[in-house]
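Biologist: Before I rely on any label given to a part of this structure, I would like to hear the reasoning behind it. Could you take me through it step by step?

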Amino acid sequence: QVQLVESGGGLVKAGGSLRLSCVASGDISSINAMGWYRQAPGKQRELVAVLSHDRKTSFAPSVRGRFTISGDSTKGTVYLQMNNLKPDDTGIYYCNADCYIVAAMKDVVYWGQGTQVTVSS
């Protein structure tokens with residue numbers, strides 16, 4: 001089992017910045033990658049950014065150049081620095097851990113409880 005706790009959401013004006021943090025506990029040795037997803041009202045949850053165990057990163061086109069992901073998935077930490085925020089970035093941001101459970105020989109995905117980000121125009 002892996003537990004994820006996010007922090008750092010809030011209300012910010014367009015053009016502002018926020019930094020989200022996520023800390024994992026439990027069987028962090030099973031984590032292959034950590035990332036951030038978001039869900040806007042009435043929309044499906046979408047990928048924002050991913051950090052793999054070998055420090056490779058990937059971003060959604062809508063945030064590339066504005067958001068940075070950092071941390072160390074082998075230690076169970078991931079951060080999302082969000083700059084030049086836009087009203088379209090509003091939503092609940094979820095931390096995600098993609099794990100491989102050796103004993104069960106299967107992949108398992110864990111989610112945090114989410115943190116609200118609201119960007120006003």
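Modeller: What follows sets the values of this predicted model against the cut-offs that give each label.

Biologist: Let us begin with the charged side chains; why is the contact of Glu-46 and Arg-38 called a salt bridge?

Modeller: A salt bridge needs a side-chain nitrogen of Lys or Arg within 4 Å of a carboxyl oxygen of Asp or Glu, and the N to O distance between Arg-38 and Glu-46 is 2.7 Å, so the pair meets the definition. The structure holds 4 salt bridges, and this is one of them.

Biologist: What makes Asp-89 a partner of Arg-38 as well?

Modeller: The closest N and O atoms of Asp-89 and Arg-38 are 2.9 Å apart, which again falls within the 4 Å limit, and therefore the contact counts as a salt bridge. This pair links distant parts of the chain, for Asp-89 sits in the loop between β8 and β9 while Arg-38 belongs to strand β4, 51 residues apart.

Biologist: Which other arginine forms a salt bridge with Asp-89, and how do you know?

Modeller: Arg-66 does, with the closest N and O atoms 2.8 Å apart, and that distance is within 4 Å. Here too distant parts of the chain are linked, since Arg-66 lies in the loop between β6 and β7, 23 residues from Asp-89. Arg-38, Glu-46, Arg-66 and Asp-89 are thus linked in a network of salt bridges.

Biologist: Which of these residues are buried or exposed, and how do you know?

Modeller: Buried means under 20% relative accessible area, so Arg-38 at 6% counts as buried, and Asp-89 at 1% counts as buried too. Arg-66 is likewise buried. Glu-46 has 37%, and because exposed means over 50%, with partly exposed in between, Glu-46 counts as partly exposed.

Biologist: Turning to the cysteines, why is the link of Cys-22 and Cys-95 called a disulfide?

Modeller: Their sulfur atoms are 2.0 Å apart, and because a disulfide is a pair of cysteine sulfur atoms within 2.5 Å, the label applies. The angle about the S-S bond is -85°, and the link is left-handed. The disulfide links distant parts of the chain, with Cys-22 in strand β3 and Cys-95 in strand β9, 73 residues apart. Cys-22 is buried at a relative accessible area of 0%, and Cys-95 is buried with 0% as well.

Biologist: Why does Cys-99 form no such bond?

Modeller: The closest cysteine sulfur to that of Cys-99 belongs to Cys-95 and lies 10 Å away, which is too far for a bond. Cys-99 is nevertheless buried, with 0% relative accessibility. A search of the whole structure finds 1 disulfide.

Biologist: Now the aromatic residues; what makes the pair of Tyr-37 and Trp-111 edge-to-face?

Modeller: The structure holds 2 aromatic pairs. In the pair of Tyr-37 and Trp-111 the ring centres are 5.0 Å apart and the planes stand at 75°, so the rings pair, with centres within 6.5 Å, and count as edge-to-face, with planes over 60 degrees apart. The two residues come from distant parts of the chain, Tyr-37 in strand β4 and Trp-111 in strand β10, 74 residues apart. Tyr-37 is partly exposed at 22%, and Trp-111 is partly exposed at 37%.

Biologist: Why is the pair of Tyr-94 and Trp-111 also called edge-to-face?

Modeller: The centres of Tyr-94 and Trp-111 lie 6.5 Å apart with the planes at 90°, so this pair is edge-to-face. Tyr-94 lies in strand β9 and Trp-111 in strand β10, so the pair ties together parts 17 residues apart in sequence. Tyr-94 counts as buried at 11% relative accessibility. Tyr-37, Tyr-94 and Trp-111 form one aromatic cluster.

Biologist: Lastly, what makes Tyr-100 eligible for a surface patch?

Modeller: Tyr-100, which is found in strand β9, has a relative accessible area of 33% and is partly exposed, and because patch residues need over 30%, Tyr-100 passes that cut-off. Tyr-100, Val-102 and Met-105 form a nonpolar patch on the surface, with about 340 Å² of accessible area together.

Technical notes
Residues are numbered from 1 along each chain as its sequence is written. This is a predicted model: local features need pLDDT of at least 70, side-chain atom pairs count only at pLDDT 80 or more; totals for chains, interfaces and linings use all residues. Side-chain values use heavy atoms; hydrogens and water are left out. Buried means under 20% relative accessible area, exposed over 50%, partly exposed in between (1.4 Å probe, protein chains only). Helices (H or I, at least four residues) and strands (E, at least two) are DSSP runs, numbered from the N terminus. Patches are made of residues with over 30% relative accessible area and no salt bridge: like charges are joined within 9 Å, nonpolar side chains (Val, Leu, Ile, Met, Phe, Trp, Tyr) within 5 Å. Accessible areas come from the Shrake-Rupley method with a 1.4 Å probe; for residues, only the protein chains shown count as cover. Rings of Phe, Tyr and Trp (its six-membered ring) pair if their centres lie within 6.5 Å; planes under 30 degrees apart count as stacked, over 60 as edge-to-face and the rest as tilted.
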